[in-house]
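Here are my notes on this entry. Please read them with the structure open.

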Amino acid sequence: MPLIRKMPKRGFNTVPRKDFAIINLDRLALLKKESSITLELLKDKGMIKKRVNFLKVMGNGDVTIPFNISAHAFSKTAMEKIKNAGGKCIVIK
């Protein structure tokens, strides 16, 4: 029997990657009626079509209406713009 078959199988195991649904602030500005935004709400409205479990908010666009946004990650500019408009950024662990 070859030596390679006798050796124990050890080594690098890949960790499954987390897929984030990325949404910009200009898309969130279309939800003028909603005061509280979550991943489930965005899926129900059809703004996110992929089957993902994580949401990241990016800072492209402007916010004039205060929102309470629950997401798994925020960019620095998005967090600043939301707080300047009077909204809250809630980070989900």
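1. Where does Ser70 lie? Ser70 sits in strand 4, which covers residues 68–71. Keep in mind that this is a predicted model.

2. Is Ser70 buried or exposed? Its relative accessibility is 15%, and buried means under 20%, so Ser70 counts as buried. Leaving aside residues up to four places away in sequence, Ser70 touches Ile37, Thr38, Leu39, Leu55, Ile90 and Ile92.

3. One of those contacts, Leu55, belongs to strand 3, residues 54–58. Side chains alternate along strand 3. Leu55 and Val57 point to one face and are buried. Phe54, Lys56 and Met58 point to the other face and are not buried. In a regular strand, side chains alternate between the two faces of the sheet.

4. Now the pairing of strand 3. Strand 1 (residues 20–24) pairs with strand 3 in the parallel sense, over 5 bridges. Phe20 has Phe54 as its bridge partner in strand 3. Strand 5 (residues 73–74) also runs parallel to strand 3, and 2 bridges join them. Here Lys56 stands opposite Ala73 of strand 5.

5. Ser35 is a separate case. This serine lies in the loop between helix 2 (25–28) and strand 2 (36–37). Its relative accessibility is 49%, so Ser35 counts as partly exposed. Ser35 touches Phe67 and Asn68, again not counting residues up to four places away in sequence.

6. How far apart in space are Ser35 and Pro2? The C-alpha to C-alpha separation is 66 Å, with their positions 33 residues apart in sequence numbering.

Notes:
Residues are numbered from 1 along each chain as its sequence is written. This is a predicted model: local features need pLDDT of at least 70, side-chain atom pairs count only at pLDDT 80 or more; totals for chains, interfaces and linings use all residues. Side-chain values use heavy atoms; hydrogens and water are left out. Helices (H or I, at least four residues) and strands (E, at least two) are DSSP runs, numbered from the N terminus. Buried means under 20% relative accessible area, exposed over 50%, partly exposed in between (1.4 Å probe, protein chains only). Contact means heavy atoms within 4.5 Å. Two strands pair if DSSP finds at least two bridges between them.
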